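Dear colleague,

I am handing over the structure we spoke about, with the sequence alongside. Please open it first, and then read the notes below next to it.

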Amino acid sequence: MDVIGGFWTSVLAFLLVLTVLVFVHELGHYLVARRNGVRIETFSIGFGPELFGFTDRTGTRWKFSALPLGGYVKMFGDADPASTPGAHLTAMSAEERAVSFHHKRVGQRAAIVAAGPIANFVFSIVVLALLFMTAGQSFTPPDVGGIQPGSAAERAGIKPGDLILSVDGTGVQRFEEIRQIVSIRPGEPLAIELKRDGRVMTLTATPDSQTVTDRLGNAHQIGLLGISRGSVGMMRHDPLTAVWQAGREVAGMVTGTFTALGQMVQGSRGTEELGGPLRIAQMSGEVAQSGWYPLVWFMTFLSVNLGLINLFPVPMLDGGHLLFYGIEKLLGRPLGARAQEYGFRIGLALVLTLMVFATWNDLVQLRVVDFFRGLVS
């Protein structure tokens, strides 16, 4: 019964998280498109056959579809949910051109496309700000409570009572921020600016590399300084401070994601950490069982990553469309239909390859591959 309950918790938490994030993303496209006079034909949560929906008075079909792994806004003039230009664009009347997405100025189209990822970032900042105003933000002053013998901190000369001001050029206000920066830089020399007895000094520490296994059984290489913190508490913020702290958290998420991706490209971090929908579902269930606060935090983290991924300059993604619009602005004309078609084919191949790779990682991490290997052997 526990296994079944855990499975349904994961499924329901995953559907809740994904539905909210997809809705926010597509709502960004929708609102800016409507603002620029574009007719919206379909607003869909999910892909494939429609499960249920309704048509509003402007003619937009709002619906939930069978495959809940994304969503789309289909605008007038689109040939498909990926906003590929339709073949009928040249035959449109003046009235139709006025509400067609592909007949808008390049700046308007870029704003509509960029609105989806921007909505994800704004959503994360707003939700975290509300969280910090109500439940509070985990807050520990960035002072050193203790030093582990033989640790990177001891070798660098850090002492108990030191107040850490910045790590690798990034200012820190909480002990948690030190951990966020250090954990993704194992084996990298870091400049530690600190205050000791009223004097500011800079030391260099190289975090030790340690393999840890999380609650889901996934192994990760993390960096450790070997310092302990003092007292831990929750601090509620006023609205302005809450927004500022939320923005800092989102900026930290963005920086951490790019750092991790760079390490994967360099080969210093394993690509097995890339997860797909199965692992997100499992993590959603695990986090949901920990309480509503971790679940909301997890949702904001996924929202930031959804926004980032969609900004990658890959055709089929929002970033790919923005790349085409940038080229169009430079050339003074759109790319040819054949060039765009090849671009979308390449983009589709890249996206599908990444999905297959991430899903394979999920199956390996969830021991599904080992299970079938055991059956065969």
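In the UniProt record, an unreviewed entry, "transmembrane region" is the annotation for residues 6-25, 110-133, 292-312 and 342-360. Please keep in mind that this is a predicted model. For two of the annotated spans I can add what the coordinates give: residues 110-133 are 100% helix and 0% strand, with the end C-alpha atoms 34 Å apart, while residues 292-312 are 95% helix and 0% strand, with 31 Å between the end C-alpha atoms.

The same topic of annotation brings me to residues 144-173, which UniProt, again in an unreviewed entry, lists as "domain: PDZ". Over this stretch the chain is 17% helix and 30% strand, and its end C-alpha atoms are 13 Å apart.

Next, the nonpolar cores. The largest one has 20 residues, of which Ile158, Ile164, Val167, Ile178, Ile192, Leu225 and Ile227 touch the most other members. Two or more residues each are given to this core by helix H4 (152-156), strand S5 (163-167), helix H5 (175-183), S7 and S8, and the largest share, 4 residues, comes from H5. Apart from this core lies another, made up of 15 residues, which include Ile40, Ile45, Met75 and Val113. To return to Leu225, its contacts, when neighbours within four places in sequence are left aside, are Ser151, Ala152, Ala153, Ile178, Val182, Ala205 and Pro207.

Strands S7 and S8 also form a hairpin, with 2 residues between the strands. S7 (residues 190-196) and S8 (residues 199-205) run antiparallel and are joined by 7 bridges, and within this pairing Leu190 stands opposite Ala205 of S8. In the same hairpin, Asp197 takes a positive phi near 55°.

Two glycines in strand S2 deserve a look of their own. Gly70 has its place in S2, which spans residues 61-75, and Gly71 lies in S2 as well. Are these glycines buried or exposed? Gly70 has a relative accessible area of 13%, and because buried means under 20%, Gly70 counts as buried; Gly71, with a relative accessible area of 14%, is likewise buried. Leaving out residues up to four places away in sequence, Gly70 touches Leu18, Val22, Ile45, Gly46 and Phe47, whereas Gly71, with the same exclusion, touches Val22, Glu26, Ser44, Ile45, Gly46 and Phe47. As for partners distant in sequence, Gly70 and His25 are 45 residues apart along the chain, with 9.7 Å between their C-alpha atoms, and Gly71 and Leu21 are 50 residues apart, with a C-alpha separation of 9.8 Å.

Finally, helix H9 covers residues 318-331, 14 residues in total, and reaches 20 Å from its first C-alpha to its last, which is close to the 20 Å expected at 1.5 Å a residue. Which residues of H9 are buried? They are Asp318, Gly319, Gly320, His321, Phe324, Tyr325 and Glu328. Just after H9, Gly332 takes a positive phi of about 85°.

With kind regards

Notes:
Residues numbered from 1 in each chain as written. Predicted model: local features only at pLDDT ≥ 70, side-chain atom pairs only at ≥ 80, totals over all residues. Heavy atoms only, no water. UniProt positions renumbered as here; feature names shortened; annotations may be inferred. Expected span 1.5 Å × (residues − 1). Buried < 20%, exposed > 50% of the residue type's maximum accessible area, 1.4 Å probe, protein only. Pairing = 2+ DSSP bridges. Contact = heavy atoms within 4.5 Å. Core = buried A, V, L, I, M, F, W, Y, C linked by side-chain atoms within 4.5 Å.
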